[in-house]
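Here are some worked exercises to try with the model open in your viewer. Have a go at each task before you read its solution.

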Amino acid sequence: MEELFLSILRQAITPDGTSGDTLSLSLSSEQLNAVASLAQRHGVAPLIYNELLKQPEGVNPEAVNYMRQVCVGTMMTQQRQLQVLTQTVKALQATEDKAATAVLLKGFSLAQLYPLPYLRAWGDLDIYVGPAYYHQAAAVLRETYPDAIHHDEEWEELKHYCFILPDGNVIEMHRRTMALTGKKDNEVFCPLEEQAMREPAFIDVNGLSVAIPEAKFNMLFVFMHAWEHFYESGVGLKQLSDVALLCQQSQGVEGMEAYLSNALTKLHLLEPWQLVGYFLHKALHLPKEQWWLYSDSRRIQRLGERFYKKVMQEGLMRHVLKEGELNRYQKREKAHQMNVLLRKMVTLYGRVQSTMPMLKVCPRYAWHHLLMQIKKGIHRTVHREKMLDY
């Protein structure tokens with residue numbers, strides 16, 4: 001069923017509507033259930049269902065009604081989220097500090113790359129404001145959304161500050177785009193982030209000019225966000241389709257290959273980048289020549305097959321597939337009940353356990369990531385840094 005599912009997805013995300021896939025969608029109930037299961041696992045159900053609805057005679061009437069409801073529900077949700085985006089950006093733009101620019105991360109900036117943007121579901125609204133504007137922006141949004149739930153303190157240690165609106169929408173106001181563990185990694189990444197946010201690009205959202213990250217940094221960031229998903233909890237074709245479409249849009253950007261080569265090498269992410277390229281070529285038929293720094297080495301082919309299988313099997317559901325695993329709130333409460341030394345030992349054990357499966361897929365990055373986590377743990381212990389209730 002994987003190839004059928006991928007064929008439908010390729011057709012759904014191809015901007016010109018011609019993916020090269022010839023679909024004859026007369027599906028049995030078993031096939032439909034299998035495709036729907038993969039679509040939900042990978043976060044692309046509205047895109048898949050819309051393609052199936054183009055040939056409803058191949059789907060039973062009960063399933064047709066359900067798929068229509070999912071598509072319509074997604075479109076209505078996205079319309080509301082665009083209203084929140086517009087209100088948020090206007091509130092931040094109205095401040096006196098014109099040196100600060102509210103930059104939209106992911107969300108609609110990526111959804112607009114799809115033939116039907118409203119069928120690319122996104123969740124939280126991510127807005128970057130930067131370290132210097134962080135506290136002022138938090139005050140602006142508290143005033144704009146007086147009924148929102150939020151923490152009383154904007155912790156400097158965290159990358160973002162959340163507002164949960166009464167209708168369930170969530171705004172993540174970012175101090176940083178990524179929360180990197182290693183000091184040296186941050187020394188590489190933060191200057192790239194700061195430079196990119198000083199020279200953003202802009203898109204039109206319902207007549208409002210909204211800033212998005214500069215093109216080269218955006219390609220790096222969207223990839224890193226997808227890779228973080230994979231490493232921490234599982235990545236779906238929802239995020240990987242974003243990467244593929246952004247890659248295609250970014251063809252011709254001057255200096256892209258040199259920029260990525262320098263950043264990825266210094267961040268120990270060149271091999272993960274090549275694994276993602278292998279996946280996008282195999283699953284979504286992204287041409288090799290469009291993926292900067294693509295590798296056909298025997299090592300990448302071997303590891304790429306492992307990466308492909310793990311992504312297709314897990315999607316966004318790794319935590320669901322692990323029976324009995326506590327969620328982050330339960331883990332935090334349990335950690336509060338331990339003494340500091342025991343908590344550190346449990347954390348270290350958890351880090352090692354989560355790294356072991358990754359050693360088979362991306363060993364170089366896995367060792368680097370584990371080392372950075374250990375160094376961070378030692379630093380926090382030596383300096384007696386408190387545990388945040390976040």
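Which residues does I164 touch, not counting residues up to four places away in sequence? Keep in mind as you look that this is a predicted model.

**Exercise 1. Place I164 in its surroundings.**

Solution.
- Step 1: start with the contacts. I164 touches A148, I149, N169 and V170, once residues up to four places away in sequence are set aside.
- Step 2: find the element. I164 sits in strand 3.
- Step 3: check the exposure. Its relative accessible area is 38%, and I164 is partly exposed because that value falls between the 20% and 50% cut-offs.
- Step 4: look at the backbone. The C-alpha atoms of I164 and H150 are 6.5 Å apart, with these positions 14 residues apart along the chain counted as their separation.

**Exercise 2. Describe the hairpin of strand 3 and strand 4.**

Solution.
- Step 1: get the pairing. Strand 3 and strand 4 are antiparallel and share 5 bridges.
- Step 2: pick out a facing pair. H174 in strand 4 stands opposite H160.
- Step 3: look at the turn. The hairpin has 5 residues between the strands, and G168 takes a positive phi near 95 degrees there.
- Step 4: ask how covered the strand is. In strand 3, 4 of the 5 residues are buried.

**Exercise 3. Work out what D167 does with its side chain.**

Solution.
- Step 1: locate D167. You'll find D167 in the loop between strand 3 and strand 4.
- Step 2: classify it. D167 has a relative accessible area of 41%, so it's partly exposed.
- Step 3: find the partner. The side chains of D167 and R80 are joined by a polar contact of 2.5 Å.
- Step 4: compare with the sequence. D167 and R80 are 87 residues apart along the chain, and their C-alpha atoms are separated by 9.5 Å.

**Exercise 4. Is Q81 buried or exposed, and what does its side chain contact?**

Solution.
- Step 1: Q81 belongs to helix 4, which spans residues 61-93.
- Step 2: with a relative accessible area of 7%, Q81 is under the 20% cut-off and so counts as buried.
- Step 3: leaving out residues up to four places away in sequence, Q81 touches W122, G123 and N169.
- Step 4: N169 also gives a polar contact, side chain to side chain, at 3.5 Å.

**Exercise 5. Find the buried side of helix 6.**

Solution.
- Step 1: list the buried residues. In helix 6 (residues 134-144) these are Y134, A137, A138, V140 and L141.
- Step 2: see how they're arranged. They lie on the same side of helix 6, because they cover an arc of only 160 degrees around the axis.
- Step 3: recall the helix geometry. An α-helix has 3.6 residues a turn, so residues three or four places apart point the same way.
- Step 4: name what they pack against. The buried residues of helix 6 meet helix 4, strand 3 and strand 4.

**Exercise 6. Characterise the contact of helix 2 with helix 3.**

Solution.
- Step 1: take the geometry. The axes of helix 2 (residues 29-41) and helix 3 (residues 45-53) come within 8 Å and cross at roughly 150 degrees.
- Step 2: list the two sides. Helix 2 brings L32, V35, A36, A39 and Q40, while helix 3 brings A45, I48, Y49 and L52.
- Step 3: sort them by class. The contact has 8 nonpolar residues, 1 polar residue and no charged ones.

**Exercise 7. Take apart the hairpin of strand 5 and strand 6.**

Solution.
- Step 1: strand 5 (residues 201-205) and strand 6 (residues 208-212) run antiparallel, joined by 5 bridges.
- Step 2: A201 has I212 in strand 6 as its bridge partner.
- Step 3: there are 2 residues between the strands, and N206 takes a positive phi near 50 degrees in this hairpin.
- Step 4: turn to D204, which is in strand 5. Its side chain reaches the backbone nitrogen of G207 at 3.2 Å.
- Step 5: D204 has 54% relative accessibility, so it counts as exposed.

**Exercise 8. Contrast K106 and H285.**

Solution.
- Step 1: check phi. K106 isn't a glycine, yet its phi is positive, about 55 degrees. H285 isn't a glycine either, and its phi is about 60 degrees.
- Step 2: place them. K106 is in the loop between strand 1 and helix 5, and H285 is in the loop between helix 11 and helix 12.
- Step 3: compare exposure. K106 counts as buried at 15% relative accessibility, whereas H285 is partly exposed at 43% relative accessible area.

Key: Residues numbered from 1 in each chain as written. Predicted model: local features only at pLDDT ≥ 70, side-chain atom pairs only at ≥ 80, totals over all residues. Heavy atoms only, no water. Pairing = 2+ DSSP bridges. Helix = DSSP H or I, 4+ residues; strand = E, 2+ residues; numbered from the N terminus. Buried < 20%, exposed > 50% of the residue type's maximum accessible area, 1.4 Å probe, protein only. Polar contact = N/O pair within 3.5 Å; in protein donor to acceptor, adjacent residues only side chain to side chain. Contact = heavy atoms within 4.5 Å. Axes fitted to C-alpha atoms, helices over the stretch in contact; angles between N-to-C directions. Nonpolar A, V, L, I, M, F, W, Y, C, P; charged D, E, K, R; others polar. Arc of directions from axis to C-beta.
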